[in-house]
Amino acid sequence: MIVWINGTHGVGKTTTGAHVQRLIPDSRVFDAEKVGETLMDITPGLPATDNFQHWPPWRQLVVDTARRVLDYTGGTLVMPMTVLVERYWREISGGLARHAVPVRHFVLHADQDTLRRRIEGASPAPSPFRLAHLGPYAEAARTWLHREAQVVDTTHLTPAQAAAEMAAAVRDGAPWTPSGRRGGGDLQ
């Protein structure tokens, strides 16, 4: 199984994912960003883009890598990775489904003011990249993302608390449905 942790850049996916991994037996963290970094190292480079997710090989390799790791190790992969383009999410989740890999999709959410405060307070300096993705995240959340995942509102949760909530949902095993969605909060 895959526990996919989505949400905007700077919401705490990586930190929360490390906590989730410790709470789910026989689990590993797989950072799909490393696949993008590998593609960025190709010389001469692939066609210019501002986001490696726009390269079709990234999406295909994420599916192939995840399923092959699971075939090899079994257990659970915890994948903290922002995907804000619905077509890309459908391609990834559909590819995993074709290989019979179940995905539990979570979105870490916080209201825009909280996100901005967290990003601006980051050390050593605020990330312009993270700030630039607040609008696209809000649009994805409003139009499709929050319908496609179990939302964990982190506005007042620590990463450890958010991880505990997610791990409990995974252990519970009950399938998530939109009517069972939690949180959501202010998207403005």
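**Exercise 1.** Decide whether K34 is buried, partly exposed or exposed, and work out how K34 and E37 are related.

*Solution.* The relative accessibility of K34 is 47%, and the classes are buried under 20% relative accessible area, exposed over 50% and partly exposed in between (1.4 Å probe, protein chains only), so K34 counts as partly exposed. E37, at 30%, likewise counts as partly exposed. Next, the side chains of K34 and E37 meet in a salt bridge, 3.6 Å from N to O, where the term requires a side-chain nitrogen of Lys or Arg within 4 Å of a carboxyl oxygen of Asp or Glu. Finally, both residues lie in helix α2 (residues 33-40), 3 residues apart, which means that about one helical turn separates them; helices (H or I, at least four residues) and strands (E, at least two) are DSSP runs, numbered from the N terminus.

This is a predicted model, in which local features need pLDDT of at least 70 and side-chain atom pairs count only at pLDDT 80 or more, while totals for chains, interfaces and linings use all residues. Residues are numbered from 1 along each chain as its sequence is written, and side-chain values use heavy atoms, leaving out hydrogens and water.

**Exercise 2.** Find which parts the salt bridge between E91 and R59 ties together.

*Solution.* The closest N and O atoms of E91 and R59 are 2.9 Å apart. Because E91 lies in helix α4 and R59 in helix α3 (residues 56-73), the pair ties together parts that are 32 residues apart in sequence. As for accessibility, E91 is partly exposed at 27%, whereas R59 is buried at 4%.
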